[in-house]
Amino acid sequence: MPTYDYCCLTCGHQFENFQPMTSKPLKKCPKCGKKVERLIGGGAGIVFKGSGFYQTDYRSSNYKEGAKKESPPKGDSKPDTPVKKPDSGTSPKKENKK
Ligand SMILES: [Zn+2]
């Protein structure tokens with residue numbers, strides 16, 4: 001069941017109403033009894049809860065990409081160079097030493 005946001009045109013009272021889509025929209029303000037307007041999501045732009053979620057998500061994934069590119073710690077001043085880090089730590093020379 002969707003929740004609808006209403007805003008009173010007279011006293012400015014805002015409230016949510018829990019009702020099925022098939023039921024009639026409210027027309028009266030519970031406070032003053034005057035006309036209310038239903039706020040449809042993304043319509044008037046008055047109620048815009050939860051904005052920024054997508055932005056944050058996009059930014060974080062973008063940040064990861066950037067971190068990957070900058071990860072090779074080389075003394076070079078060329079951040080654009082696609083340097084592949086060789087597998088260090090698995091060298092056979094060290095394995096011989098006990
Ligand atoms: Zn009202």
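I started at Ile-40, which sits in the loop between β3 and α1 (53-69). This is a predicted model, so I kept its confidence scores beside me.

**Ile-40.** Buried or exposed? I counted neighbours for Ile-40. It has 10 other C-beta atoms within 10 Å, so it is exposed; the cut-off for exposed is 12 or fewer. I then looked across the chain from Ile-40 to Tyr-6. These two are 34 residues apart in sequence, and their C-alpha atoms are separated by 8.7 Å.

**Leu-39.** I stepped back to Leu-39, which belongs to strand β3. The count here is 18 other C-beta atoms within 10 Å, so Leu-39 is partly exposed. A residue needs 20 or more to be buried. I also checked Leu-39 against Asp-5. Their C-alpha atoms are separated by 5.2 Å, with their positions 34 residues apart along the chain.

**Strand β1 and its partners.** Which strands does β1 join? I found five bridges from β1 (residues 3-8) to β2 (residues 14-18). That pair runs antiparallel. I found four bridges from β1 to β3 (residues 36-39), also an antiparallel pair.

I then went through β1 by residue.
- Tyr-4 stands opposite Asn-17 in β2.
- Asp-5 has Glu-16 in β2 as its bridge partner.
- Tyr-6 faces Arg-38 in β3.
- Cys-7 stands opposite Gln-14 in β2.

**The hairpin.** I looked at the connection between β1 and β2. Five residues lie between the strands of this hairpin. Which residue there has a positive phi? Gly-12 does, with a value near 80°.

**The sheet.** I put the pairings together. The three strands form an open sheet in the order β2-β1-β3, with antiparallel pairing. Why is one side of β2 and of β3 left without a neighbour? Both stand at the edges with a single partner strand each, so one side of each has no neighbour in the sheet. I also looked up the twist. Neighbouring strands are turned by 35° against each other on average, direction ignored.

**Whole protein.** I listed the secondary structure next. The protein has two helices and three strands. Along the sequence the pattern reads β-β-β-α-α. How many of the residues are buried? I got 3% of the 98 residues. Then I took the contacts with a separation of 6 or more. Of these, 32% link residues 24 or more positions apart.

**Confidence.** I closed with the scores. The average pLDDT is 72 for the protein, and 48% of the residues score at least 70. Where does the pLDDT fall below 50? It does so over residues 42-47. In the model, that stretch has five contacts beyond near neighbours in sequence. Where pLDDT is low, the predicted coordinates should not be read in detail. I noted those five contacts of residues 42-47 without reading more into them.

Key: Residues are numbered from 1 along each chain as its sequence is written. This is a predicted model: local features need pLDDT of at least 70, side-chain atom pairs count only at pLDDT 80 or more; totals for chains, interfaces and linings use all residues. pLDDT is the predictor's confidence in each residue, from 0 to 100. Two residues are in contact if their C-beta atoms, placed from the backbone, lie within 7 Å. Two strands pair if DSSP finds at least two bridges between them. Axes are lines fitted to C-alpha atoms, for helices over the stretch in contact, and angles run from 0 to 180 degrees between N-to-C directions.
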